[in-house]
Amino acid sequence: MLEQNYWLTTTGMPSANDTEPLPEKVDVAVIGSGFTGLSAARTLAMRGAKVAVLESETIGWGASSRNGGMVLTGMKLGVNQLISMYGRELTQRMYAASLASMDCVEQIVREEAIECNFSRCGHLEVACKQKHFDDYSRQAEVIAREFHHTLRVVPKSQLNSEIGSSIYFGGMVDEVSAGCNPARYVAGLARAAMKAGAEIFEHTRVESIERQSRQGELGWKLNTSRGSLLAHEVFVGTSGYTGRATPALQKKLIPIGSFIITTEVLPESVARELSPRNRMIYDSKNFLYYYRLTPDRRMLFGGRAAFFPETTQTVRRSAEILRRGMIDVYPQLSNAKIDYVWGGTLDFAFDIMPHAGQLDGMYYAVGYAGHGVAMATYQGQKIAELIAGDKPENPFVGIKFPGAPLGLYNGKPWFLPFAGAWCRFLDWVS
């Protein structure tokens, strides 16, 4: 078993500016070269802006290359909870944006000819308890009525047409969701941004950002590990890797580890038995599992095996936890060899919602809570349009962005063991 991201074995990243000096001044400095930052850089550069993408590691190094490659509709919270929080009209706009984000990814993949195995294979949510399944019909009814979007509820008696596992109480299918190879997708986004004229600077950690007035014009000075540059605007797309350079944003985000294993390549008959329709699959728990077949017929199985962000210790510990979970779902895989294990860091806001807009004068888009492939791409594009002077429809701009209760958080998630225990308790009682 290799402690290595499987997706990165399937592609190479484009070459960035490792040796060139930073430009003295740009129109927009984009921090982070994941889906959010690269989508924004592409859009801005296509509008004629001079853009520098500043990446502390390498292109797509964070969650954008480490995730399960699930391009999902909807949001982390259920629709009834969203309606109670935001009302019907705003929730309708949010749901419409989640559907538009799918089209956004598909359009970019098509326009830029990105070979990333993008496929509208749909997703399947499976119910771990009978009451979870009972709620599916209510959810599907609300989504059909309020959002004019169709979900299909699958009873337990018919579930074997969707999944080769007998442990669930039923499922719910959304045919609009998709799958992709996220490393190939983020590499393609980077190439597209550079083709449009954006410059990407790897190994360029932003250490501090200062407001600055120059010749009567307000802007920003960004001090980095490779020198400083001036920018008219700053866009932050660092998600679970948001750091001390943007402390106000860091205090609003919780970095949570997510871990993945992949098996050896499976025989075609076994793969077809496990996932007859090649869905993106996740279960109904708070401490959930998510899984799918890769394009070369490996079972990819992920989850919150450890809430803390990835380290060598948490990755190794997670491998066995996830293997046991995979065998619980699929006893057929009890003898399957695990080829790869890796981890990454998600960003959760305290209200488990995506957020975008301006904070302390800087633009940002964060808080995807594991639904980031589509939404991050979409938010990068929409905030870029906003920076360029448009007025794009974006229901996640301007909603309340809460911090920690009583301000008891400085960006270091000391409470994650308690949060993990609470999630396990909720899965037990609900």
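Mentor: We begin with the residue classes: Ala, Val, Leu, Ile, Met, Phe, Trp, Tyr, Cys and Pro count as nonpolar, Asp, Glu, Lys and Arg as charged, and the others, Gly among them, as polar. This is a predicted model, in which local features need pLDDT of at least 70 and side-chain atom pairs count only at pLDDT 80 or more, while totals for chains, interfaces and linings use all residues. Residues are numbered from 1 along each chain as its sequence is written, and side-chain values use heavy atoms, with hydrogens and water left out.

Trainee: What makes a set of points a cavity, and how many cavities of 30 Å³ or more does the count come to?

Mentor: On a 1 Å grid over the protein atoms alone, a cavity is a set of points where a 1.4 Å probe fits but cannot get out, whereas a pocket is an open set with protein on both sides within 12 Å along at least five of seven lines; a lining residue has an atom within 4 Å of a point. Points are joined across faces, edges and corners, and the volume is the space filled by probe spheres set on them. By this rule there are 2 cavities of 30 Å³ or more, and the largest has a volume of about 100 Å³.

Trainee: Which strands each supply at least two residues of the lining of the largest cavity?

Mentor: They are β10 (206-214), β11 (217-224) and β12 (227-236), where helices (H or I, at least four residues) and strands (E, at least two) are DSSP runs numbered from the N terminus. The largest share, 4 residues, comes from β11. The lining includes Lys 25, Arg 214, Glu 217, Trp 220 and His 232, and by class it has 4 nonpolar, 3 polar and 3 charged residues.

Trainee: How do the residues that line the second largest cavity divide by class?

Mentor: They divide into 8 nonpolar, 3 polar and 1 charged, around a space of about 60 Å³. Among them are Leu 72, Lys 76, Ser 101, Ile 352, Tyr 368, Ala 369 and Met 375.

Trainee: Why does Ile 352 count as buried, partly exposed or exposed?

Mentor: Buried means under 20% relative accessible area, exposed over 50%, and partly exposed in between (1.4 Å probe, protein chains only); Ile 352 stands at 30% and therefore counts as partly exposed. Ala 369, by contrast, is buried, because its relative accessible area is 2%.

Trainee: What is the phi of Ile 352, and what is that of Ala 369?

Mentor: Most residues other than glycine have a negative phi. Ile 352, in the loop between β17 and β18 (355-359), nevertheless has a positive phi of about 55 degrees, and Ala 369, in the loop between β19 (362-366) and α9 (372-387), also has a positive value, near 55 degrees.

Trainee: How do you know that the span of helix α4 agrees with what its residues should give?

Mentor: The expected span is 1.5 Å times one less than the number of residues, so the 18 residues of α4 (130-147) should span 26 Å, and the end C-alpha atoms are 25 Å apart, which agrees. The buried residues of α4 include His 132, Phe 133, Tyr 136, Val 142 and Phe 147, and what covers the buried residues includes α3 (79-111), β5 (123-126), β6 (152-155) and β7 (170-174), with contact taken as heavy atoms within 4.5 Å. After α4 comes His 148, with a positive phi near 55 degrees.

Trainee: Why is the sulfur of Cys 104 not bonded to the closest cysteine sulfur?

Mentor: A disulfide is a pair of cysteine sulfur atoms within 2.5 Å, and the sulfur of Cys 104 is 13 Å from the closest one, in Cys 116, which is too far for a bond. Cys 180 is in no disulfide either, its nearest cysteine sulfur, that of Cys 116, being 5.1 Å away, and the structure holds 0 disulfides. Both Cys 104, at 6% relative accessibility, and Cys 180, at 0%, count as buried.

Trainee: What makes Ala 49 partly exposed, and which residues does Ala 49 touch?

Mentor: Ala 49 is partly exposed because its relative accessible area is 21%, and it lies in the loop between α1 (35-46) and β3 (51-54). Not counting residues up to four places away in sequence, Ala 49 touches Asp 27 and Leu 44.
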